[in-house]
Amino acid sequence: MGFKDKLKEQLKSELSEEELSLLPGGFQTLGKVVILKLNPNLLEKKEIIGKACLDMFPKIKSIYINKGKIVGTYREPEKIEFIAGENNPIVEHKEHDVTYRFNITKIMFSKGNINERKFLTTLIQSGEIVVDMFAGIGYFSLPIAKHSSVEKIYSIEVNPESYKFLVENIKINHLEDKIVPINGDCKVEVIKLSESGIRANRVIMGVFPAPKEYITEALSLVNNNGTVFHYEGVAEKDKYIVLFNEFNEIAQKEGYNCELKSHRIVKSYGPNLYHIVLDIFIFKI
Ligand SMILES: C[S@@+](CC[C@H](N)C(=O)[O-])C[C@H]1O[C@@H](n2cnc3c(N)ncnc32)[C@H](O)[C@@H]1O
């Protein structure tokens, strides 16, 4: 019996047939928290539904509902609301043997990026220097430090709330010798890194919309043997070249050559829209 049918069974004496038909077909689990998306017509019954959900999952401590999208520069959840169990939004979510500790009401965690978080670790060559320009709580930096022979990762995050958890997660996963957390605007921080002589083998630009206004500064990290950039964006399936052309145009103006090594779709992002990553090799002309 699937999730929705079990929930219907639990609630058949408390909700109308109409309301039972509107119950959610799925849920997201982060640590010991379940997050539901509820049809607006069910919001009056949110506590009852939350209690029923809690009874269905003995290991789960709290039920929240997601009432919005991911918004703003900090990519924050618009509205995550507590409905049942323990009102404690701090979770420890385990993925690929990495623990991510964060506050689910203030910080996003995209389960849809799970494959990309794993795949990137497989690209790292021994001794690499990596700069993660939009590090968040360590979405990419933690698994790379844990599962590759990277030399050093400079993880830059501007949101103090996310930065606090980035520092905590580095400790929780015992990765202090691999990751250097930096709290600041990556536009400024990458210049400080390159002026201090640091050059990168790999630069991760993992944010939406595609961070083209950060490319010029990021190019200061390119080393003499060339550097791989992982440049993210949203595009129609066959229009990923638009993202590459915008990158290439800026790099050319700065005196760099770009080779599109590969691209991959991370997840669907809306009607005929996809979260896409480009692997671009860049070297000085
Ligand atoms: C949420 S992450 C993206 C998600 C991540 N790629 C993943 O796989 O789940 C983007 C992060 O970039 C941070 N950010 C946005 N602008 C920034 C900037 N100028 N400098 C540093 N960090 C920035 C946001 O605060 C956010 O934590």
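In what order do the strands of the open sheet of seven strands stand? The points below take up that question and then turn to the other sheet, the ligand and two details of the backbone.

1. This is a predicted model, and the description that follows should be read with that in mind. In the open sheet of seven strands, the order across the sheet is 11-10-9-12-13-15-14, and the pairing is mixed. Strand 11, which covers residues 179-183, and strand 14, which covers 256-270, stand at the edges with a single partner strand each, so one side of each has no neighbour in the sheet. Averaged over this sheet, neighbouring strands are turned by 15° against each other when direction is ignored.

2. One pairing within that order can be followed residue by residue. Strand 10, made up of residues 152-157, pairs with strand 11 in the parallel sense, and five bridges join the two. Along this pair, isoleucine 153 has isoleucine 179 of strand 11 standing opposite.

3. A further open sheet is formed by four strands in the order 1-2-3-6, again with mixed pairing. Here the edges are taken by strand 1 (28-30) and strand 6 (80-85), and because each has a single partner strand, one side of each is left without a neighbour in the sheet. From one strand to the next, the twist in this sheet averages 30°.

4. Strand 1 also offers a pairing to examine in detail, since a student may wish to set it beside the pair described above. Strand 1 and strand 2, the latter spanning residues 33-36, pair in the antiparallel sense over three bridges, and threonine 29 is found opposite valine 34 in strand 2.

5. Where does the ligand lie with respect to domain 1 and domain 2? Domain 1 (3-88) and domain 2 (110-284) both contribute residues to the shell around the ligand, so the ligand lies between them. The ligand is surrounded by 21 residues, of which Asn113, Glu157, Asp185, Cys186 and Gly206 are the closest. Sorted by class, this shell holds ten nonpolar, seven polar and four charged residues.

6. Several polar contacts involve nitrogen atoms of the ligand. A side-chain N or O atom of aspartate 185 is 2.9 Å from a ligand nitrogen, and a polar backbone atom of cysteine 186 is likewise 2.9 Å from a nitrogen atom of the ligand. For valine 158, a backbone N or O atom lies 3.3 Å from a ligand nitrogen. Taken alone, the ligand would expose 590 Å², and the protein buries 96% of that area.

7. Two loops deserve a careful look at the backbone. The peptide bond from phenylalanine 208 to proline 209 is cis, with omega near -25°, and proline 209 sits in the loop between strand 12 (202-205) and helix 8 (215-218). In the loop between strand 7 (90-95) and strand 8 (98-103) one finds aspartate 97, whose phi is near 60°, a positive value in a residue other than glycine.

Definitions and conventions:
Residues are numbered from 1 along each chain as its sequence is written. This is a predicted model: local features need pLDDT of at least 70, side-chain atom pairs count only at pLDDT 80 or more; totals for chains, interfaces and linings use all residues. Side-chain values use heavy atoms; hydrogens and water are left out. A residue is near a molecule or strand if one of its heavy atoms lies within 4 Å of it. A polar contact is a pair of N or O atoms within 3.5 Å; within protein, one must be able to donate a hydrogen and the other to accept it, and residues adjacent in sequence count only if both atoms are side-chain atoms. Accessible areas come from the Shrake-Rupley method with a 1.4 Å probe; for residues, only the protein chains shown count as cover. Ala, Val, Leu, Ile, Met, Phe, Trp, Tyr, Cys and Pro count as nonpolar, Asp, Glu, Lys and Arg as charged, and the others, Gly among them, as polar. Domain bounds come from an automatic or database domain assignment. Two strands pair if DSSP finds at least two bridges between them. Axes are lines fitted to C-alpha atoms, for helices over the stretch in contact, and angles run from 0 to 180 degrees between N-to-C directions.
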